[in-house]
Amino acid sequence: MRPLTVVFLLCLLFPSFTSFTNFSRFVKERKCSQKSEPEMQCAEGYFEFICIYYCWCCMTVEELESRNANNPPRGSTEDCHLVESALSQTANDRPPPHSPFLSRSKRSYTTMAKEEAETRLPRFETIGVRLHNHVAHIFLNRADVDNAMNSLLLRELHDVVRLFAKHPPTRAITFRGIGKCFSNGMDLKERSPATVINEIVANGDLDVSRKGRGIEKTIREAQMVFSAIEECPKPTIVALHGNCRGAALDFASACDIRLASSEATFSLKFYGVDYGAITRLQKICSNEAWIFHHVANFSKFDADDALQHDFVLRLFDTPAEMFDGMTKLAEQIASRSPVAVQGVKLVLNHARDHSVRDSLRFTADLAQSQNLNKDIGQATLKVLQKTTGALVYENI
């Protein structure tokens with residue numbers, strides 16, 4: 001029996017023991033005297049209550065013992081053994097992944113393995129997720145329809161981004177599409193924001209005002225999905241390959257870093273609805289006339305053109321090389337101080353939407369709290385002592 005359980009049992013049984021002693025003294029004092037019937041009934045009831053209380057204490061202790069035996073506390077020896085056994089398993093012994101891209105590998109550090117073991121990643125219908133080396137990998141998993149975005153995919157994408165935004169072990173997020181392209185835009189066959197807008201317009205029972213409110217609500221809900229990627233405190237990286245059309249650019253423009261393969265092509269058609277691409281491309285690309293030309297003429301532009309006008313950061317020869325390069329870049333960012341990395345994104349996003357004066361004031365206010373961390377001291381000490389090796393930073 002555990003020491004804590006023994007203390008708990010004594011605390012429960014002490015009142016009953018005291019009550020039983022008082023009851024025995026009461027019986028001895030009343031032995032020679034005449035007892036009335038109400039007094040005896042009260043004494044018998046009191047004794048029954050003590051017996052029931054004692055039985056309840058024993059049952060409670062037995063239940064606690066069984067719970068402790070079946071569920072060891074976190075950080076215990078049993079939990080460490082579970083983590084070590086998970087590390088020792090081979091890839092063939094592990095459960096099958098959700099998609100061909102979701103193969104798992106051994107963790108580099110025991111701490112990272114324990115964090116991943118304690119993280120219960122949800123399963124989705126249209127996307128796949130994997131957490132490795134503090135990087136959350138998100139896969140668009142509708143290859144049969146070129147990863148066209150229906151309402152279910154957008155809803156699951158919004159949920160998983162919000163999940164990893166609040167997940168401390170996650171320090172970077174990557175996006176990629178499974179199949180021959182990243183995404184072919186909005187799904188025009190299943191239910192999606194595009195089909196919902198068409199249904200609202202074709203509904204003859206609604207007047208102009210109610211149609212307008214319904215269209216506005218649908219557009220704002222779709223914009224909210226891509227804005228969640230932009231507002232996520234963790235840095236986001238997207239890998240673009242194949243034909244990327246329409247909403248794929250809305251998706252990509254909300255990410256912090258865009259990578260592309262050499263065969264990728266892009267196109268954006270504007271029919272009066274903007275889910276974020278046109279608004280953000282003006283802040284991303286260096287030539288506003290170039291944006292107007294391609295959007296107004298419904299013309300495609302290739303990966304070289306996208307690189308020349310700062311839409312993508314880097315080109316790769318093949319999608320496989322791009323996926324490997326994106327993983328290495330994300331893990332490199334995740335190895336840095338999360339306070340510094342998230343602070344950079346916060347300052348850059350604020351400076352993009354505000355004046356220089358307001359941004360400088362915001363940075364000064366932010367530094368009052370963000371400079372009070374252990375990461376700066378660790379980095380400074382490493383430089384002064386000229387030590388080698390990567391620093392290990394705490395999650396936030």
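## Salt bridges in a predicted chain

Of the 396 residues in this predicted model, 40% count as buried, meaning under 20% relative accessible area with a 1.4 Å probe and protein chains only, whereas exposed is over 50% and partly exposed lies in between. Local features need pLDDT of at least 70, side-chain atom pairs count only at pLDDT 80 or more, and totals for chains, interfaces and linings use all residues. Residues are numbered from 1 along each chain as its sequence is written, and side-chain values use heavy atoms, with hydrogens and water left out.

The chain contains 15 helices and nine strands, taken as DSSP runs (helices H or I, at least four residues; strands E, at least two) and numbered from the N terminus.

Twelve salt bridges are present in the structure, each defined as a side-chain nitrogen of Lys or Arg within 4 Å of a carboxyl oxygen of Asp or Glu. Three of them are listed here.

| Pair | Closest N to O |
|---|---|
| Glu-230 and Arg-280 | 3.1 Å |
| Lys-345 and Asp-256 | 3.0 Å |
| Asp-353 and Arg-352 | 3.1 Å |

Glu-230 forms its salt bridge with Arg-280; Glu-230 lies in helix α7 (residues 208-231) and Arg-280 in helix α9 (residues 277-284), so the pair ties together parts 50 residues apart in sequence. Glu-230 is buried at 13% relative accessible area, and Arg-280 is buried at 10%. Both residues belong to a network of salt bridges that also links Lys-283, Arg-352 and Asp-353.

In the pair of Lys-345 and Asp-256, Lys-345 is buried at 7%, while Asp-256 is partly exposed at 30%.
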